[in-house]
Amino acid sequence: PTPTASTTRRHGRRCRPWCGAGPGPRLDERWQEAAPVMIDVILCDDHALIRRGIRDTLGDAGDIRVVGEAGDYGELRALMRQRTVDAAPPRNACDVLVLDINLPGRSGLDVLHALKDEGSPVKVLIVSMYPEDQYAIRALRAGAFGYVNKGGDPQLIVQAVRTVAQGRKYVTPEIAQIGRASCRERVYGLV
């Protein structure tokens with residue numbers, strides 16, 4: 001058979017129609033990488049200095065942007081409401097909420113329960129100064145998607161936000177070990 005425009009490349013060799021020969025965009029144009037999807041984050045921590053450090057760390061990542069900050073539950077609710085109502089088309093207030101456990105007036109665990117009760121689709125990442133063995137399992141059981149200690153490597157929070165934004169749980173090796181021990185205790189009745 002004679003080669004046609006759909007089966008011949010520019011260099012004259014025969015090939016399959018799916019290889020990109022013929023009319024239409026060139027192969028290199030079709031395979032260009034899409035622009036990275038930005039992950040919208042709201043920070044909720046009562047310490048402005050901590051918020052700034054987290055904001056700067058996340059901002060350096062390139063694919064993460066902090067779209068709001070709050071110092072307590074009241075500010076957080078107002079910010080989330082405003083971001084949801086003002087959005088066109090309607091969307092979630094953010095992709096990931098980075099939440100401290102120790103907040104004035106209402107703890108981060110209480111905030112988690114409140115978000116869960118109202119059916120909020122926002123994924124929560126807990127950041128705390130408390131060691132993992134004190135709150136991580138409780139936070140995960142309450143609905144958090146991850147737990148990061150503030151004393152850890154700053155790049156862990158970037159990795160955690162990306163993981164949580166994908167809808168996956170972020171669990172450090174320390175938390176996994178605590179979880180395994182907790183599970184063994186319940187299964188074997190050691191509690």
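In this predicted model, the side chains of D63 and R162 are joined by a polar contact of 2.9 Å. D63 sits in the loop that connects α2 (48-59) with β2. Its relative accessible area is 17%, and D63 therefore counts as buried, the cut-off being under 20%. Apart from neighbours within four places in sequence, the residues in contact with D63 are V37, M38, I39 and R162.

The strand that follows this loop, β2, belongs to an open sheet of five strands with parallel pairing, ordered β2-β1-β3-β4-β5. β2 (64-70) and β5 (146-149) are the edge strands, and each of them pairs on one side only. On average, neighbouring strands of the sheet are turned by 25° against each other, with direction ignored.

At the β5 edge, strand β4 (residues 123-128) runs parallel to β5 and is joined to β5 by four bridges. Here S128 of β4 stands opposite N149 of β5.

Two helices that pack on the sheet are listed below, with the strands they touch and the angle between the helix direction and that of one strand.

| Helix | Strands touched | Angle |
|---|---|---|
| α4 (residues 108-117) | β3 (96-100), β4 | about 145° with β3 |
| α6 (residues 154-165) | β1 (39-44), β2, β3, β4, β5 | about 160° with β4 |

Helix α6 spans residues 154-165, and R162, the partner of D63 in the polar contact, falls within that range. I39, another contact of D63, falls in β1 (39-44), one of the strands that α6 touches.

Conventions: Residues are numbered from 1 along each chain as its sequence is written. This is a predicted model: local features need pLDDT of at least 70, side-chain atom pairs count only at pLDDT 80 or more; totals for chains, interfaces and linings use all residues. Side-chain values use heavy atoms; hydrogens and water are left out. Two strands pair if DSSP finds at least two bridges between them. Helices (H or I, at least four residues) and strands (E, at least two) are DSSP runs, numbered from the N terminus. Axes are lines fitted to C-alpha atoms, for helices over the stretch in contact, and angles run from 0 to 180 degrees between N-to-C directions. Contact means heavy atoms within 4.5 Å. Buried means under 20% relative accessible area, exposed over 50%, partly exposed in between (1.4 Å probe, protein chains only). A polar contact is a pair of N or O atoms within 3.5 Å; within protein, one must be able to donate a hydrogen and the other to accept it, and residues adjacent in sequence count only if both atoms are side-chain atoms.
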